[in-house]
Amino acid sequence: MRTLPLAALCAALVLCATAGAGTASAALSQESTFQDDNRLIYDTPENVAATLDELKALGVDRLRVSVFWKIVAPDAQSRTKPAFDAGDPTAYPPGSWDRYDSLLRQAAARGLAINLNLTSPAPLWATGTPEREDIAETFEPSAREFGLFTQAVAERYNGSFTDPRRPDDGPLPRVDYWTIWNEPNQAGWLTPQWTADSRDPSGQVETAPRLYRDLVDASFSALETTGHGSDTILVGETAPKGLNITGTTRSMKPGRFIRQLYCLDDALVPLQGTAAEIRGCPPGADAREAFAAAHPGLFRATGYAHHPYELTFSPTRRPTDREFFTIANLSSLKRLLATIYRTYAQPIPGGGRNVPLYLTEFGYQTRPPDPTGVTLATQARFLNLAEFVTARDPDVRTHAQFLLVDDKPLPGVPENTAAAWGSTFQTGLLSLSGKRKPAYAAYKLPIVLPKETIRRGQQLRVWGLVRPAPAGRPVRVAVELRSARRGSKWRRAKTVTVTNQRHYLDTRVSVRTSGSARLVWVDGSRKRVISRSATFTVTKKRR
């Protein structure tokens with residue numbers, strides 16, 4: 001593209017840029033995680049391959065993949081466990097692992113890393129018997145059986161396992177990144193959340209934290225004994241919010257769930273006596289020492305995984321409930337976790353001041369199609385803003401996008417009603433028809449103006465990320481500006497060379513009138529990749 005000299009460009013645009021390279025962001029190693037099980041697990045091999053190619057082109061680093069226990073297990077609808085060795089991956093029915101084997105091989109061929117999330121629904125023979133059949137697949141899952149399931153998955157994907165049914169295919173890829181269960185504080189994944197118990201003054205006892213504690217114990221132990229102890233192993237995977245009411249299927253707020261998971265009361269003091277006993281916690285004076293020794297997975301995990309959704313609100317809007325954790329108050333989650341580790345005199349994973357956070361699900365619900373979602377333009381802006389917030393947080397290790405393509409609406413419900421979309425996700429970068437939303441370009445090449453209104457004479461800060469650029473290679477990114485005046489055209493104002501591994505840029509340009517900014521990067525095939533345009537306002541100087 002032909003460019004004008006800087007002085008001539010400034011004169012033509014009345015928008016001029018400062019010289020010099022951009023300043024690096026605070027965090028330079030945050031991974032980009034992506035999840036879309038519908039497109040990666042349940043589609044045809046050909047469509048999976050096309051999806052993987054698209055995600056690679058978008059600059060994705062890692063795929064979060066749900067390994068649904070029920071899908072792999074034999075006789076999942078039977079209350080009686082079949083006679084098989086649940087810890088042996090070769091003992092499972094033919095074809096049980098095919099979708100995962102294929103995905104892992106295809107991902108490895110493209111250099112895409114994997115996070116396996118081992119989770120419910122569970123086979124009925126590994127669960128308790130609830131009064132309600134609709135929660136049978138999440139009700140009181142057996143920690144012992146889950147440990148055996150983890151063992152089977154871990155042995156299959158240890159890097160040296162070859163399926164005896166397909167010896168010519170050679171060893172399957174190794175997985176070295178694991179998360180245990182999905183949203184255990186949500187009734188859709190683990191029940192009961194609460195149990196009636198007259199021994200507690202409230203009449204209700206938090207049950208899901210105890211169940212999850214046992215699941216972590218069994219799964220973490222299985223990963224260690226199968227040679228995965230030095231892998232990335234994450235606990236938590238909590239949802240951001242919960243309910244004010246209690247009951248079997250009343251999802252728990254993450255703040256309460258985490259405290260109870262670590263056997264602490266509301267004052268962050270270890271539970272004692274009856275309150276401890278009915279929650280599966282050590283009741284004596286030596287509770288601190290006993291608890292930490294009994295549950296190594298809760299303290300030796302690599303970090304804590306969380307889903308800091310807002311879905312419809314700005315990522316900078318602090319939640320109204322202090323027990324909720326979203327992008328805007330990750331500091332509160334970090335303080336809680338750090339206090340827990342100090343209470344039990346346990347070292348922080350990685351040796352830092354805070355427990356590393358892995359944000360493994362995130363996205364924004366859009367209108368269309370959901371009438372309660374945000375506009376398509378707002379989705380793009382909010383996704384970029386959320387990434388700006390997390391990329392500057394040195395304790396955040398990964399930031400995720402949930403869904404490439406929108407979910408289908410519920411069948412039999414009018415699509416112009418919120419009920420059709422309320423229990424599905426329309427957080428994709430593509431509509432159900434495959435049309436790209438503005439968020440598609442925004443995800444590929446994010447841009448944020450941290451201050452969208454500045455006074456005349458101030459410089460405009462421009463932050464961005466060249467997600468698809470090859471890791472570790474310097475790239476050149478143009479900052480283009482356009483005046484708000486009618487008929488104005490885009491002109492290059494500055495070129496920034498980005499050298500950090502993840503290709504974050506943080507620079508400033510001088511502007512004299514209101515307008516818009518965007519980023520332009522030319523990829524390896526000489527195609528121009530263009531960010532969304534971000535508007536800014538220039539006001540008069542104060543006298």
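A colleague asks how the terms used for this predicted model are justified, and the modeller answers.

Colleague: What should I know about the numbering and the model?

Modeller: The model is predicted, local features need pLDDT of at least 70, side-chain atom pairs count only at pLDDT 80 or more, and totals for chains, interfaces and linings use all residues. Residues are numbered from 1 along each chain as its sequence is written, and side-chain values use heavy atoms, with hydrogens and water left out.

Colleague: Why is the pair of Asp 98 and Arg 166 called a salt bridge?

Modeller: A salt bridge is a side-chain nitrogen of Lys or Arg within 4 Å of a carboxyl oxygen of Asp or Glu. In this pair the closest N and O atoms are 3.0 Å apart, so the rule is met. Side chains of opposite charge can pair when their charged atoms come close. By this rule the count comes to 31 salt bridges.

Colleague: What makes the pair of Asp 98 and Arg 166 a tie between separate parts?

Modeller: Asp 98 is in helix H5 (residues 98–109), while Arg 166 is in the loop between helix H6 (143–156) and strand S5 (177–180), so the pair ties together parts 68 residues apart in sequence. Helices (H or I, at least four residues) and strands (E, at least two) are DSSP runs, numbered from the N terminus.

Colleague: Are Asp 98 and Arg 166 called buried or exposed, and why?

Modeller: Neither word applies, because buried means under 20% relative accessible area and exposed over 50%, with partly exposed in between (1.4 Å probe, protein chains only). Asp 98 has a relative accessible area of 28% and Arg 166 has 37%, so each is partly exposed.

Colleague: How do you know that Arg 259 and Asp 266 meet in a salt bridge, and is each residue buried or exposed?

Modeller: Their N to O distance is 3.2 Å, which is within the limit for a salt bridge. Arg 259 is buried, at a relative accessible area of 8%, whereas Asp 266 is exposed, at 51%. Salt bridges that share partners join both residues with Asp 200, Glu 206, Arg 256, Arg 279 and Glu 323 into one network.

Colleague: What makes the pair of Asp 200 and Arg 279 a link between distant parts of the chain?

Modeller: The side chains of Asp 200 and Arg 279 meet in a salt bridge, at 2.8 Å from N to O. Asp 200 lies in the loop between strand S6 (194–196) and strand S7 (204–206), and Arg 279 in the loop between helix H9 (273–277) and helix H10 (287–294), 79 residues apart. Both residues are buried.

Colleague: Why is the pair of Cys 263 and Cys 281 called a disulfide, and what is its handedness?

Modeller: A disulfide is a pair of cysteine sulfur atoms within 2.5 Å, and the sulfur atoms of Cys 263 and Cys 281 are 2.0 Å apart. The torsion about the S-S bond is about -85°, so the disulfide is left-handed. The structure holds 1 disulfide. Cys 263 is in the loop between helix H8 (254–261) and H9, and Cys 281 in the loop between H9 and H10, 18 residues apart. Cys 263 and Cys 281 are buried.

Colleague: What makes a space a pocket or a cavity?

Modeller: On a 1 Å grid over the protein atoms alone, a cavity is a set of points where a 1.4 Å probe fits but cannot get out, while a pocket is an open set with protein on both sides within 12 Å along at least five of seven lines; lining residues have an atom within 4 Å of a point. Grid points are joined across faces, edges and corners, and a volume is the space filled by probe spheres set on the points.

Colleague: How much space lies in the largest pocket, and which residues are closest to its centre?

Modeller: The largest pocket holds about 930 Å³ of space. It is lined by 29 residues, and the closest to its centre are Glu 183, Trp 189, Glu 361, Ser 423 and Phe 425. S3 gives the most to this lining, with 3 residues.

Colleague: How many cavities of 30 Å³ or more does the structure hold, and what lines the largest?

Modeller: There is 1 cavity of 30 Å³ or more, and the largest cavity has a volume of about 80 Å³. Its lining includes Ser 32, His 399 and Arg 467. H13, strand S11 (396–402) and H14 each supply at least two residues of that lining.
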